[in-house]
Amino acid sequence: MAATTDSSDPNKGKETGPGNQIVLRVSQLDSNQLDGELHQLLKAQFQRIFQFFKPGVLAYIEPELNAALRLLMWQFSINSIGATLGQRIMNLKYGSEATLTSDLSQQQRLLYAGILIGAKWLQDRSADLASSTNHIEAFQRIWKALYLFEKLLSVASLVNFLVFLQDGRYQFLHERLLGIRAQFAQRQVARQVSFEFMTRELLWHGFAEFLFFVLPFINFRRVRNFLQRKLFRPSPTAGVKVELALRRDQRLYKECAVCGEWPTTPRHIGCQHVFCYYCVQSNFLADPAYTCPLCSHPVDDVTNIQPITCDVR
């Protein structure tokens, strides 16, 4: 099954060249995601060199560091092969809009570097530059104009992305300005993985993400205690056994009523059973209606959780 059809493409019907194939929007979005992750990976590897230096040694030069890393990635990607590293992984490359089968011109490559390296550096460093030249009136006007231009550029980028979602041509505003768009580096062949498998994986991934979002809101301890109270109520003979044990002076302080282990920092709640401090405290904080699992004696208030001062035998 080939991913090559799109009824809105004006090049539909042209047979030759990988540039005539329509690049899926998801492929372009994935390539941008990969570019960001590769940049962070390269930055993390570089920061390891300075991990034993004084903390904050790279904080001041971080804009220059990011610019140097982008320049390095541009040199070995756009300038060398006409595609970003993420695009190469996705079998994509850039082509001129005028003739999609041709590579980028040298002018387009340099402008691409100026936008993604120079403009990004200026954006990251603008706050420091503005504060250092705030006393000069001419610079104040320049920074105000740049600030307004940045806001307008953000709005234009949003509009461009909405248009991209509709026609799938220019993912970024600089692609539209430079007249370049993504195309396949090699002609697509039949998929090795079926859409059914991809759909199933995406479905399970979405379900897992939903569970990761919902599960923290569920108080499992309270649910468990509720079910224990409703389904496993202590038998009427339990109170008789406790009373007989007390008559024989056999204190039931040798195991926690929750975990069954020897009590750690023992506490009681008014009944003749003993609890670990963590067991009874955590259960009561998670479930204010918590009762003793052996005799259903309620806690009612945190002050009713008292330490046991008698001897354990």
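**Reading the cysteines, helices and confidence of a predicted model**

Biologist: Hello! Why is Cys292 called buried?

Modeller: Cys292 has a relative accessible area of 1%. Buried means under 20% relative accessible area, exposed means over 50% and partly exposed lies in between, using a 1.4 Å probe and protein chains only, so Cys292, at 1%, counts as buried. Before we go on, this is a predicted model, where local features need pLDDT of at least 70 and side-chain atom pairs count only at pLDDT 80 or more, while totals for chains, interfaces and linings use all residues. Residues are numbered from 1 along each chain as its sequence is written, and side-chain values use heavy atoms, without hydrogens or water.

Biologist: What makes Cys271 buried or exposed?

Modeller: The relative accessible area of Cys271 is 9%. That falls under the 20% limit, so Cys271 is buried.

Biologist: How many disulfides are there, and how do you know?

Modeller: A disulfide is a pair of cysteine sulfur atoms within 2.5 Å, and the count by this rule is zero. Cys271, for one, has the sulfur of Cys295 as its nearest cysteine sulfur, 3.7 Å away. For Cys292 the nearest is also the sulfur of Cys295, at 3.6 Å. Neither distance is within 2.5 Å, so neither Cys271 nor Cys292 is in a disulfide.

Biologist: What makes helix α11 mostly covered?

Modeller: Seven of the ten residues in α11 (residues 277–286) are buried; among them are Cys279, Phe284 and Ala286. Helices here are DSSP runs of H or I with at least four residues, strands are E runs of at least two, and both are numbered from the N terminus. The protein chain has eleven helices and four strands. Across its 313 residues, 28% are buried.

Biologist: How do you know which elements to trust in the prediction?

Modeller: We look at pLDDT, the predictor's confidence in each residue from 0 to 100. Helix α7 (residues 173–178) has the highest mean among the elements, 89, and helix α10 (residues 237–247) the lowest, 47. Over residues 1–17 the pLDDT is below 50, yet this stretch has 26 contacts beyond near neighbours in sequence, a contact being heavy atoms within 4.5 Å. Residues 237–251 also stay under 50, with ten contacts beyond four places in sequence. The chain as a whole averages 77, and 79% of the residues score at least 70.

Biologist: Which residues does UniProt list as "transmembrane region"?

Modeller: An unreviewed UniProt entry lists residues 202–220. In the model, that span is 74% helix and 0% strand, with its end C-alpha atoms 28 Å apart.

Terms used. UniProt positions are given in the numbering used here, feature names are shortened, and annotations may be inferred rather than shown by experiment.
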